[in-house]
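I opened this one to see how its parts fit together. My notes follow in the order I looked things up.

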Amino acid sequence: MHTAHQSLRQPLFWILTSCFAGMIWSSQFFTMFTLDETLEGLLLREMGISSIALCGALLAVLLSWLVITRDMERLVALTVLSKPISRAQFLFGKFSGILIAVGFSSAVLAGILIATLWQKETGPRMTELTA
């Protein structure tokens, strides 16, 4: 849990999550350029899922790099590994903490994608605005 808490306190986590949330929300305006109006929902959903996957991959790589190097610099890893705990258990704890943080970010982004899809479905159509 310490690694998840440490990951959630990183400014990089919130910057990436908010940037991708903005990308997901603003993608509804880019789908208006399609010629077929039935493809707008499909395109919006695919762009949102791809954004969530890309954000998760970036967060996993960058947070693991930040958390492990910070523990090495502060000698936390040496202190923990001097106790009767194996390296595999230490790394599994780090892995599960980062997985919790990436899962939290993915859940937030999935909620924003669902809200954006709902807004796109129930909002006014272009034909209604021009008529």
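Before placing anything in a helix, I note what the word covers here: a helix is a DSSP run of H or I with at least four residues, numbered from the N terminus. With that in hand, I put Leu54 in helix 3, residues 39-73. I also note that the model is predicted.

**Entry: overall layout**

I counted six helices and zero strands in the protein chain. Reading along the sequence, I get α-α-α-α-α-α. Of the 131 residues, 29% are buried. I then looked at contacts between residues at least 6 apart in sequence, and 81% of these join residues at least 24 apart. The chain exposes about 8500 Å², with 73% of that supplied by carbon and sulfur atoms.

**Entry: helix 3**

I checked the length of helix 3 against its residue count. At 1.5 Å a residue, its 35 residues should span 51 Å, and I find its end C-alpha atoms 50 Å apart, which agrees.

Next I wanted to know which residues are buried in helix 3. My list reads Glu40, Leu44, Gly48, Ser51, Ile52, Cys55, Gly56, Leu59, Leu63, Leu66, Val67 and Asp71. Leu54 has 45% relative accessibility, so I file it as partly exposed. Its C-alpha atom is separated by 8.9 Å from that of Phe20, and the two residues are 34 apart along the chain.

Just after helix 3, I spotted a positive phi of about 60° at Leu75.

**Entry: the cysteines**

How many disulfides are there? I count zero. The reason is distance: the sulfur of Cys19 has its closest cysteine sulfur in Cys55, and at 9.1 Å that is too far for a bond. A disulfide would need the sulfur atoms within 2.5 Å. From the other side I get a matching answer, since Cys55 is in no disulfide and its nearest cysteine sulfur is that of Cys19, 9.1 Å away.

Are the two cysteines buried or exposed? Cys55 is at 0% relative accessibility, so I call it buried. Cys19 is at 45%, so I call it partly exposed.

**Entry: Ser27 in helix 2**

I found Ser27 in helix 2, which runs over residues 11-30. At 4% relative accessibility, Ser27 counts as buried. What does it touch, leaving out residues up to four places away in sequence? I get Leu44 and Met47. Leu44 is also among the buried residues of helix 3.

**Entry: helix 5 and Lys120**

I ran the length check again on helix 5. Its 36 residues should span 52 Å at 1.5 Å a residue, and the end C-alpha atoms are 52 Å apart, which agrees.

For the buried residues of helix 5 I wrote down Phe90, Lys94, Gly97, Ile98, Ala101, Val102, Ser105, Leu109, Leu113, Thr116 and Lys120. I stopped at Lys120, which sits in helix 5, residues 87-122. Its relative accessible area is 15%; buried means under 20%, so Lys120 makes the cut.

Where does a polar atom of the Lys120 side chain find a backbone oxygen? I traced it to Gln28, whose backbone oxygen lies 3.3 Å from that side-chain atom.

**Entry: aromatic pairs**

I counted four aromatic pairs. One of them is Phe13 with Trp14, edge-to-face, at 4.9 Å centre to centre and 90° between the planes. Phe13 is at 0% relative accessibility, so I have it as buried. Trp14 is at 43%, so I have it as partly exposed.

Trp14 also pairs with Phe104, again edge-to-face, with 6.2 Å centre to centre and 80° between the planes. Because Trp14 lies in helix 2 and Phe104 in helix 5, this pair ties together parts that are 90 residues apart in sequence. Phe104 has a relative accessible area of 38%, so I log it as partly exposed. I record Phe13, Trp14 and Phe104 as one aromatic cluster.

**Entry: pulling it together**

For helix 2 I now have two links to other helices on the page. Ser27 of helix 2 touches Leu44, which I listed in helix 3. Trp14 of helix 2 pairs with Phe104 of helix 5.

Conventions. Residues are numbered from 1 along each chain as its sequence is written. This is a predicted model: local features need pLDDT of at least 70, side-chain atom pairs count only at pLDDT 80 or more; totals for chains, interfaces and linings use all residues. Side-chain values use heavy atoms; hydrogens and water are left out. Buried means under 20% relative accessible area, exposed over 50%, partly exposed in between (1.4 Å probe, protein chains only). Helices (H or I, at least four residues) and strands (E, at least two) are DSSP runs, numbered from the N terminus. Contact means heavy atoms within 4.5 Å. A polar contact is a pair of N or O atoms within 3.5 Å; within protein, one must be able to donate a hydrogen and the other to accept it, and residues adjacent in sequence count only if both atoms are side-chain atoms. Accessible areas come from the Shrake-Rupley method with a 1.4 Å probe; for residues, only the protein chains shown count as cover. Rings of Phe, Tyr and Trp (its six-membered ring) pair if their centres lie within 6.5 Å; planes under 30 degrees apart count as stacked, over 60 as edge-to-face and the rest as tilted. The expected span of a helix is 1.5 Å times one less than its number of residues.
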